[in-house]
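Subject: Handing over a structure

Hi there,

I am passing this structure on to you, with the sequence alongside. Please have a look at it first, and then read my notes underneath.

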Amino acid sequence: MATSSGNSSVYTKSQSYGSEEDLQDLKLLMDQRKRKRKQSNRESARRSRMRKQKHMDDLIVEVERLRNEKSEMITRTNMSTQHLLKMEAENCVLRAQMCELNQRLQSLNDIINMMNATTISEVNYQNNDCFLTVADNCFMNQMNNMSYLNQLPIMASADMFMW
């Protein structure tokens, strides 16, 4: 049974009292509807293909943008890593220099304490009308040698800590 909406007539085999022209008109109407439906489907498929192509183009652009962003991030990460390694090496050098300077300071403080003790001894000797003994001269020579050792340059450098 074929029906149409509205005030149109309903056609079936048992109700076809009309002429051949009515059947042809009906056939033409059905063919016309069929063509319209096919044309509509073609247009819909064309729009769907266009949407799909646009979506694919957008995705390609997005992939390229993300690849560029990834490349920039890798570059920044590599630069940061190199900077970190450089800072760590410099930090090691500074720590080594600090240790050397602390040792120098300790040696200098020891020398000052010994010199103060020697000065007190000299004052006591002078007050007792005594002169420095041979042992005192040896001690003073050792002190002079120790002060020379404290004047050596600091040898730490970044090359020592590179791995």
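Below is what was found, going from the whole chain to single residues.

Please keep in mind that this is a predicted model. The chain has 163 residues, and its secondary structure consists of 2 helices and 0 strands. Helix 1 covers residues 20-127, and much of what I describe below sits there.

On the chain as a whole, burial is a good place to begin. Just 5% of the residues count as buried. The accessible surface comes to about 14,500 Å², with 56% of that area supplied by carbon and sulfur atoms. As for contacts, I looked at those between residues at least 6 apart in sequence: 74% of them join residues at least 24 apart.

Now to the charged side chains. How many salt bridges does a search of the whole structure find? The count is 4, and here are some of them.

One pairs Glu43 with Arg46, whose closest N and O atoms are 2.9 Å apart. Both residues belong to helix 1, where they are 3 residues apart, or about one turn of the helix. Glu43 has a relative accessible area of 28%, so it counts as partly exposed. Arg46 is also partly exposed, because its relative accessibility is 35%.

Further along the chain, Arg65 has two partners to look at. With Glu62 it makes a salt bridge at 2.7 Å, N to O, and these two are again 3 residues apart in helix 1, about one turn of the helix. With Glu69, the closest N and O atoms of the salt bridge are 3.0 Å apart. Arg65 and Glu69 are separated by about one helical turn, because they are 4 residues apart in helix 1. Taken together, Glu62, Arg65 and Glu69 are linked in a network of salt bridges.

Are the members of this network buried, partly exposed or exposed? Arg65 is partly exposed, with a relative accessible area of 42%. Glu62 has 33% relative accessibility, so it counts as partly exposed. Glu69 is partly exposed too, at 33%.

There is also a nonpolar feature for you to find on the surface. Which residues form the nonpolar patch there? They are Met56, Leu59 and Ile60, and together they have about 290 Å² of accessible area. Ile60 lies in helix 1. Its relative accessibility is 53%, and exposed means over 50%, so Ile60 counts as exposed.

Finally, a word on the cysteines. A disulfide is a covalent bond between the sulfur atoms of two cysteines. This structure holds 0 disulfides. Two cysteines you can look up are Cys92 and Cys99. Cys92 is partly exposed, because its relative accessibility is 25%. For Cys99 the value is 44%, so this residue counts as partly exposed as well.

If you would like a place to start in the viewer, try Arg65, with its salt bridges to Glu62 and Glu69. After that, you could turn to the patch of Met56, Leu59 and Ile60.

Happy exploring, and best wishes!

Definitions and conventions: Residues are numbered from 1 along each chain as its sequence is written. This is a predicted model: local features need pLDDT of at least 70, side-chain atom pairs count only at pLDDT 80 or more; totals for chains, interfaces and linings use all residues. Side-chain values use heavy atoms; hydrogens and water are left out. Patches are made of residues with over 30% relative accessible area and no salt bridge: like charges are joined within 9 Å, nonpolar side chains (Val, Leu, Ile, Met, Phe, Trp, Tyr) within 5 Å. Accessible areas come from the Shrake-Rupley method with a 1.4 Å probe; for residues, only the protein chains shown count as cover. Buried means under 20% relative accessible area, exposed over 50%, partly exposed in between (1.4 Å probe, protein chains only). Contact means heavy atoms within 4.5 Å. A disulfide is a pair of cysteine sulfur atoms within 2.5 Å.
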